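User: Hi! I'm new to reading protein models, so could you walk me through one? Short answers are fine.

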Amino acid sequence: MSILKWFSSTATIILVVAACSSFNGGEADQALIERICKQSQDYGFCMSTLGNDPRSGTADLRGLALISTSLSIIQIQDTLSRLPDIIKQSTDPLPIHRLGVCQTDYNGSLVNFQGTYKAISDNGYYVAIDFVRNGTNQVIDCHNIFRREGPIATSPIAGDDMNVFKFAELILLAIDDLLHRR
């Protein structure tokens with residue numbers, strides 16, 4: 001196992017454990033989770049991920065932001081772990097190039113979402129917003145690479161891209177609530 005993979009795996013474990021420590025003894029209830037999910041563009045996705053996460057039931061808004069960030073990091077790491085096999089399945093240089101761009105973009109996105117987690121942990125919500133924006137933009141670049149530099153094609157990780165976008169939205173919704181204390 002490479003140092004980078006070990007570090008990434010260890011970082012995820014640390015993030016998951018740290019997210020668990022952001023509970024406040026039950027302030028969050030189903031109504032808080034539903035309030036966040038109803039604001040999202042995909043209520044079903046929100047409820048099936050954030051709503052079903054066992055940490056969410058007792059998390060406050062900050063905890064929900066951390067859990068959403070943790071879930072996005074796990075999504076990104078899962079995509080990164082599958083990309084080498086997806087690349088190996090192709091013999092055409094164009095998809096190989098495009099997926100290589102995605103691999104670079106997803107690595108950058110991972111760093112940004114890890115920064116998001118730290119910023120939220122430190123109550124640096126505006127910094128967290130910048131990290132979410134930058135990390136999401138990197139996944140957008142990956143998504144769009146399949147629409148430029150040759151024939152338009154559907155990315156084999158388009159579903160992963162969409163999940164990152166949805167998690168980013170959940171993070172931003174929780175941060176917005178934190179900033180405005182609704």
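Analyst: Happy to help! Read along the sequence, the chain has the pattern α-α-α-α-α-α-α, with helices (H or I, at least four residues) and strands (E, at least two) taken as DSSP runs and numbered from the N terminus. This is a predicted model, where local features need pLDDT of at least 70, side-chain atom pairs count only at pLDDT 80 or more, and totals for chains, interfaces and linings use all residues. Residues are numbered from 1 along each chain as its sequence is written, and side-chain values use heavy atoms, leaving out hydrogens and water.

User: Cool. How many helices and strands are there in the chain?

Analyst: There are seven helices and zero strands.

User: And what share of the residues is buried?

Analyst: Of the chain's 182 residues, 48% count as buried. Buried means under 20% relative accessible area, exposed means over 50%, and partly exposed is in between (1.4 Å probe, protein chains only). About 8900 Å² of the chain is exposed, and carbon and sulfur atoms supply 60% of that; such areas come from the Shrake-Rupley method with a 1.4 Å probe, and for residues only the protein chains shown count as cover.

User: What about contacts between residues at least 6 apart in sequence: what percentage join residues at least 24 apart?

Analyst: That comes to 73% of them, where contact means heavy atoms within 4.5 Å.

User: Let's zoom in on H5. How far does it reach?

Analyst: Helix H5 covers residues 93-121, and its 29 residues reach 42 Å from the first C-alpha to the last, close to the 42 Å expected. The expected span is 1.5 Å times one less than the number of residues.

User: What happens at its start?

Analyst: There, a side-chain oxygen of Asp92 comes to within 3.1 Å of the backbone nitrogen of Leu94. After H5 comes Asn123, with a positive phi near 60 degrees.

User: How does H7 match up with its expected span?

Analyst: Helix H7 (residues 158-180) agrees with its expected span, because its 23 residues should span 33 Å and its end C-alpha atoms are 33 Å apart. Just after H7, Arg181 has a positive phi of about 40 degrees.

User: Back to H5. Is Ser121 buried or partly exposed?

Analyst: Ser121, which lies in helix H5, counts as partly exposed because its relative accessibility is 27%. Leaving aside residues up to four places away in sequence, Ser121 touches Arg62 and Leu66. Its side chain also reaches the backbone oxygen of Tyr117 at 2.9 Å. That is a polar contact, meaning a pair of N or O atoms within 3.5 Å; within protein, one must be able to donate a hydrogen and the other to accept it, and residues adjacent in sequence count only if both atoms are side-chain atoms.

User: Got one that's buried in H4?

Analyst: Try Ile86, which lies in helix H4. Ile86 counts as buried because its relative accessible area is 15%. Not counting residues up to four places away in sequence, Ile86 touches Leu99, Pro156 and Ile157. Ile86 and Leu99 are 13 residues apart in sequence, and their C-alpha atoms are 8.2 Å apart in space.

User: Switching topic: how many salt bridges are there?

Analyst: The count comes to nine, a salt bridge being a side-chain nitrogen of Lys or Arg within 4 Å of a carboxyl oxygen of Asp or Glu. One of them joins Asp42 and Lys166, at 2.7 Å from N to O. This pair links distant parts of the chain: Asp42 is in the loop between helix H2 (30-39) and H3, while Lys166 is in helix H7, 124 residues apart.

User: Any pairs within one helix?

Analyst: Yes, Arg133 and Asp130 meet in a salt bridge at 3.0 Å, N to O. Both lie in helix H6 (residues 125-145), three residues apart, about one turn of the helix. An α-helix has 3.6 residues a turn, so residues three or four places apart point the same way.

User: Which residues are linked in a network of salt bridges?

Analyst: Those are Asp78, Arg82 and Asp160.

User: Last one: what is the nearest side chain of opposite charge to Asp60?

Analyst: It's Arg62, 5.6 Å away, and Asp60 is buried yet has no salt bridge. For charge, Lys and Arg count as positive and Asp and Glu as negative, while His and the chain ends are not counted. Asp60 is in the loop between helix H3 (43-49) and helix H4 (61-88), and a polar atom of its side chain lies 2.8 Å from the backbone nitrogen of Gly63.
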